[in-house]
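Hello,

Here is the structure I promised to pass on to you. Please have a look at it first, and then read on for what turned up.

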Amino acid sequence: MSYPPKRWEKCIMHRDGDTPRFLAEWFSTPGRHVLLIGGAGFDPRSTAVAKLLKSSSKVPIETLLIREQRPLSPPGLLEGAEKNILALKEMLPNLVLREVNIFSPSDMALTGGRQVAEIARNLNWSGISDVLIDCSALSRGIVFPLVRSVLNNPSAPVNLHLLVIDQAS
């Protein structure tokens with residue numbers, strides 16, 4: 001029995017200095033329209049990909065930020081998240097912020113993954129040529145359901161880019 005090829009079988013990987021060069025070239029091609037999906041949290045990495053795209057891209061960028069909500073978050077982390085969100089709004093004016101409760105308020109069950117998958121299923125993909133998911137400031141419980149939802153959506157663009165900055169510095 002043969003299986004159909006997976007969408008990620010033709011994956012291309014870039015590291016370090018090759019990544020900015022690739023992004024600058026790829027997102028300077030006329031006709032591209034990008035949807036950037038990333039985290040809106042306290043993590044200093046949450047603004048890095050947006051800065052890189054803003055400085056190198058010559059195509060329209062729409063942005064969906066996922067703000068992971070957790071009960072009893074320390075005030076210092078919330079202040080850091082607000083600072084990053086303001087910086088992102090300045091860089092990327094076509095920005096939509098969606099809050100996702102990681103835990104159900106009623107029983108503390110993990111619900112964030114299902115919520116973000118539903119958000120991705122309901123996105124309007126019209127005119128979008130590339131989806132860029134910045135995994136750097138998103139939790140694993142959000143990233144995997146998000147990517148799966150995009151990959152399983154027949155309306156989503158063929159070009160899916162996953163970026164990860166693994167060191168906050």
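The lining of the largest cavity draws at least two residues from each of β1, α2 (48-56) and β2. Keep in mind that this is a predicted model. Which element gives the most to that lining? Strand β1 does, with three residues. The full lining consists of Leu36, Gly38, Gly39, Ser46, Val49, Ala50, Thr63, Leu65, Leu88 and Asp134. Sorted by class, five of the lining residues are nonpolar, four are polar and one is charged. The volume of this largest cavity is about 40 Å³, and the structure holds one cavity of 30 Å³ or more. In case you wonder how such spaces are found, rolling a probe the size of a water molecule over the atoms shows where empty space is left.

Now to the sheet. Five strands form an open sheet with parallel pairing, in the order β3-β2-β1-β4-β5. The edges are taken by β3 (95-101) and β5 (159-163); each has a single partner strand, so one side of each is left without a neighbour in the sheet. On average, neighbouring strands are turned by 20° against each other, with direction ignored.

Two helices that pack on this sheet are worth finding on your screen. Helix α3 (residues 75-91) touches β1, β2 (61-69) and β3, and its direction makes about 170° with that of β2. Helix α5 (residues 140-152) also packs on the sheet, where it touches β1, β2, β3, β4 and β5. The direction of α5 makes about 170° with that of β5.

For a closer look at one pair of strands, try β1 (residues 34-39) and β4 (residues 130-134), which pair in the parallel sense over four bridges. Within this pair, Leu35 stands opposite Val131 in β4.

One last residue to look up is Ser149, which has its place in helix α5. Is Ser149 buried or exposed? Its relative accessibility is 7%, so Ser149 counts as buried, the cut-off for buried being under 20%. Which residues is Ser149 in contact with, leaving aside its neighbours within four places in sequence? They are Ala117, Ala120 and Arg121.

Enjoy exploring, and write back with any questions.

Best wishes

Conventions:
Residues are numbered from 1 along each chain as its sequence is written. This is a predicted model: local features need pLDDT of at least 70, side-chain atom pairs count only at pLDDT 80 or more; totals for chains, interfaces and linings use all residues. Side-chain values use heavy atoms; hydrogens and water are left out. Two strands pair if DSSP finds at least two bridges between them. Axes are lines fitted to C-alpha atoms, for helices over the stretch in contact, and angles run from 0 to 180 degrees between N-to-C directions. Contact means heavy atoms within 4.5 Å. On a 1 Å grid over the protein atoms alone, a cavity is a set of points where a 1.4 Å probe fits but cannot get out, and a pocket is an open set with protein on both sides within 12 Å along at least five of seven lines; lining residues have an atom within 4 Å of a point. Grid points are joined across faces, edges and corners, and a volume is the space filled by probe spheres set on the points. Ala, Val, Leu, Ile, Met, Phe, Trp, Tyr, Cys and Pro count as nonpolar, Asp, Glu, Lys and Arg as charged, and the others, Gly among them, as polar. Buried means under 20% relative accessible area, exposed over 50%, partly exposed in between (1.4 Å probe, protein chains only).
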